[in-house]
Amino acid sequence: MERKCKHNSAPLFEALVKHWEQNPISLHVPGHKHGRFFSSEGKKWFSSILSLDATELNDLDDLHHPEGPIFQAQELAADAFKADESHFLVGGSTVGNIALLLSVCGQGDKIIIQRNAHKSVFHAILLSRAQPVYIRPQIEADWGIATSILVEDLKKLLEEHKDVRAVFLTNPNYYGMGIFLDKVAEVVHSYGIPLLVDEAHGAHFGFAKELPPRGIESGADGVVQSTHKMLSAMTMGAMLHIKGNRINRDLVKEWLTILQSSSPSFPIMASLDLARKEAVQMGEEGFCKAVGYADHLRSFLNQWNEWFYIPSPNEKRKTYDYIDPLKITIVLKRGITGFQLQRRLEELGIYVELADVHLLLMVLSPGIQEAEMDRICKIFNKIMDQIEQEKGKWFHSFHFPSQTFFSGNPVIPPYKVKTSPVKSVPLTEAIGKIAGEMVIPYPPGVPVITLGEIIERDVVEHIMKLREQGMRFQGISDPHVKNIRVLI
């Protein structure tokens with residue numbers, strides 16, 4: 001009760017509302033002047049946000065030198081998320097991952113990176129000019145999903161590379177599969193280096209006993225969370241949490257000042273303030289209700305187990321310790337692909353987080369409503385009836401990939417690739433050559449090819465299969481991925 005009372009306020013949001021209620025005359029940026037100078041067509045939708053879209057005024061504080069309501073809001077966030085220090089991010093987890101990595105290593109420094117990391121971690125490697133040492137994740141062979149690392153693999157790498165400056169893991173993965181970090185942190189700290197974690201999909205962790213534990217409470221020194229993904233912040237709202245003294249906090253602040261806009265969005269920051277308040281105030285009850293909806297949907301979908309399989313959060317596997325109960329992954333067994341099922345759902349008004357050849361990912365949160373659950377079930381009934389009637393059309397079975405399609409460590413440091421001569425060649429002719437650009441299926445944003453690594457045949461075949469199914473790609477000069485840049 002005491003904690004809830006402490007979190008009964010949202011100082012930044014309240015300061016913005018108070019400022020607006022004073023009917024201020026704006027002789028400062030932004031130019032829309034609280035929405036008075038704005039498209040009449042858009043006013044209906046934007047007006048309430050524009051009234052709070054302010055700038056660094058004396059009564060509203062400065063993100064890059066917080067002393068007032070932003071400072072108070074970040075202090076409350078640190079308390080709620082069990083960190084020593086928390087920073088608001090207005091550029092998503094991307095900017096947090098880059099700042100965190102830049103604060104622990106520079107040119108030539110080694111850092112261990114989980115190979116199925118988000119592209120922002122690879123961009124940080126590029127900017128820092130550091131030398132990545134990749135640790136391969138395990139593969140859940142039944143579904144072809146790259147999950148988490150093995151502690152034994154990490155120990156081996158740390159012994160082979162005793163000069164690494166840090167370990168940077170992604171936990172959980174996009175599908176909500178993760179490992180408990182206590183033992184990992186113990187091993188990493190025994191080498192006197194920090195454990196950094198991209199916990200973009202775990203901002204809600206720790207708010208209920210049904211949810212996995214937070215990385216920051218399990219020994220991680222720096223954690224980045226996309227507060228907008230699983231909590232209620234606006235898109236691009238994220239947080240960077242620090243605990244202990246293994247990370248230079250002044251350097252983190254310096255990099256955030258360099259990387260973040262000098263005109264950060266106050267509506268996004270205020271939404272972070274409110275997201276923290278809402279999560280604490282709602283407590284176990286709201287998250288448990290959402291978990292209950294997710295459990296119900298899993299049970300409902302399992303009636304079509306001839307067509308697909310739904311991994312259960314209660315099912316133990318060797319490749320991960322837990323599945324986020326709010327993530328529902330549909331693993332297609334045969335016939336219709338994830339892309340085809342996604343299109344059928346979209347035609348009837350359901351939009352999912354991700355589709356792959358044999359996967360479909362649905363993300364729930366406390367924002368899901370009971371009426372929406374009923375609608376989802378009715379639409380699945382309709383679609384599966386259609387598919388059953390078309391049974392003869394869907395005859396083939398899926399062969400799940402037995403490996404990650406990840407190559408080894410780069411043979412040339414990624415930053416050197418950027419200044420090396422490259423040429424564009426047909427994708428099939430790139431096998432055996434050194435990659436001059438990244439290939440990033442999006443979502444999930446995990447590169448299948450990174451700068452400076454040898455392009456393997458199975459990776460090319462995997463890309464071609466994704467391309468045929470309509471997957472979108474980022475990072476590559478040819479968006480259709482018919483050609484790719486390689487080093488000359």
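User: What makes two strands a pair, and how many bridges join S14 to strand S15?

Analyst: Two strands pair if DSSP finds at least two bridges between them. S14 and strand S15 (residues 359–363) are joined by 2 bridges and run antiparallel, so the definition of at least two bridges is met. One bridge partner is leucine 361 in S15, which faces leucine 354. This is a predicted model, in which local features need pLDDT of at least 70 and side-chain atom pairs count only at pLDDT 80 or more, while totals for chains, interfaces and linings use all residues. Residues are numbered from 1 along each chain as its sequence is written, and side-chain values use heavy atoms, with hydrogens and water left out.

User: What makes strand S11 and strand S14 edge strands?

Analyst: Strand S11 (308–309) and strand S14 (354–355) each pair on one side only. The open sheet has 4 strands in the order S11-S13-S15-S14, with antiparallel pairing. Strands here are DSSP runs of E with at least two residues, and helices are runs of H or I with at least four, numbered from the N terminus.

User: Why is H2 called oblique to H11?

Analyst: The axes of helix H2 (residues 11–21) and H11 come within 7 Å and cross at roughly 130°. Axes are lines fitted to C-alpha atoms, for helices over the stretch in contact, with angles from 0 to 180 degrees between N-to-C directions. Angles under 35 degrees count as roughly parallel, over 145 as roughly antiparallel, 65 to 115 as roughly perpendicular and the rest as oblique. The crossing therefore makes H2 oblique to H11.

User: Which residues of H2 meet H11?

Analyst: Pro11, Leu12, Phe13 and Leu16 in H2 meet Phe266, Met269, Ala270, Asp273, Leu274 and Arg276 in H11, where contact means heavy atoms within 4.5 Å.

User: How do you know that strand S2 is mostly covered?

Analyst: In strand S2 (residues 110–114), 4 of the 5 residues are buried. Buried means under 20% relative accessible area, exposed over 50% and partly exposed in between (1.4 Å probe, protein chains only). S2 is also joined to strand S3 (residues 131–135) by 5 bridges, and the two run parallel.

User: What makes a set of residues a nonpolar core, and which members touch the most others in the largest?

Analyst: Such a core is a set of buried Ala, Val, Leu, Ile, Met, Phe, Trp, Tyr and Cys residues joined through side-chain atoms within 4.5 Å. The largest has 85 residues, of which Leu301, Phe380 and Ile484 touch the most other members. Helix H11 (residues 266–301) gives the most to this core, with 16 residues. Apart from it lies another core of 33 residues, including Ala130 and Met438.
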